[in-house]
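I opened the notebook for a quick look at one buried spot and a couple of pockets. Here is what I looked up, in order.

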Amino acid sequence: MKDYRIIFEKKDNMKYISHLDLNRCMIRSVRRSELPAWYTEGFHPHLYLMFPLALSLGTESICEVMDLRLTEEVSEQEILEKLNSALPKGLHAICVREPDNQAQDITSAEYILELSSPEIADLKSCWLNFFHQPEILTQKRTKKGMREIDIKPVLKIEKISTQENKLKLILKLPAGNDGNINTSVVIDAFKKYAGKPILINYLCRTKIFCRNSQEFL
């Protein structure tokens with residue numbers, strides 16, 4: 001047996017399928033690919049797949065990760081070709097490698113976010129005023145229900161720019177077992193602060209990071 005890590009893209013209409021549906025889709029695709037997939041033992045064997053970090057519905061990604069176990073060694077190129085031939089439009093495997101890190105090593109993720117507003121002339125200034133508040137209180141859904149949190153200490157802006165009436169942000173947010181803040185929490189807080197319509201033109205996860213600040217691969 002050998003474990004392989006698949007880095008794949010999730011784009012276009014595929015951004016609207018849930019994590020559970022993605023899992024089902026990948027199981028069907030691996031089966032169609034005829035790769036020598038490993039199945040668990042017992043009364044109800046199932047194909048071994050593992051996704052270290054779920055992606056929020058409606059978000060595209062160029063850095064999704066899936067761990068796959070095969071019963072024999074297969075070349076990375078063969079895995080790519082067979083898997084991509086079986087994947088539906090919107091899902092595409094980029095590379096295959098041996099896993100370097102474990103899911104518990106994940107600490108943060110990077111996102112590109114493009115916003116616009118039909119009613120705010122200077123969206124960049126509005127965002128900067130929002131960001132430079134002493135605290136940014138918002139609601140986050142937890143296992144115990146909704147609770148108020150301050151996202152200011154964990155909200156990091158890697159880059160900010162404007163083009164025409166669009167605001168482009170590169171944000172770094174906590175992710176993984178130690179805590180997770182998805183972009184919807186940030187966007188909801190910004191919408192509430194602005195008090196006017198905010199449109200999401202584009203939203204994509206671009207990188208996943210480990211405790212040592214290296215990319216999760």
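**Entry 1: Asn 101**

I started with Asn 101, which sits in the loop between strand 4 (91–97) and strand 5 (106–116); helices (H or I, at least four residues) and strands (E, at least two) are DSSP runs, numbered from the N terminus. This is a predicted model, where local features need pLDDT of at least 70, side-chain atom pairs count only at pLDDT 80 or more, and totals for chains, interfaces and linings use all residues. Residues are numbered from 1 along each chain as its sequence is written, and side-chain values use heavy atoms, with hydrogens and water left out.

Next I checked exposure: Asn 101 has a relative accessible area of 14%, so it is buried (under 20%, with a 1.4 Å probe and protein chains only). I then listed what Asn 101 touches (heavy atoms within 4.5 Å): Arg 5, Cys 210, Glu 215, Phe 216 and Leu 217, leaving out residues up to four places away in sequence. A polar atom of the Asn 101 side chain lies 3.4 Å from the backbone oxygen of Leu 217.

**Entry 2: the second largest pocket**

I met Cys 210 again here, in a lining that also includes Thr 107, Lys 172 and Phe 209. For my own reference, a pocket is an open set of points on a 1 Å grid over the protein atoms alone, where a 1.4 Å probe fits, with protein on both sides within 12 Å along at least five of seven lines; lining residues have an atom within 4 Å of a point. Strand 9 (166–174) is among the elements giving two or more residues to this lining, and its three residues are the largest share.

Key
Buried < 20%, exposed > 50% of the residue type's maximum accessible area, 1.4 Å probe, protein only. Polar contact = N/O pair within 3.5 Å; in protein donor to acceptor, adjacent residues only side chain to side chain.
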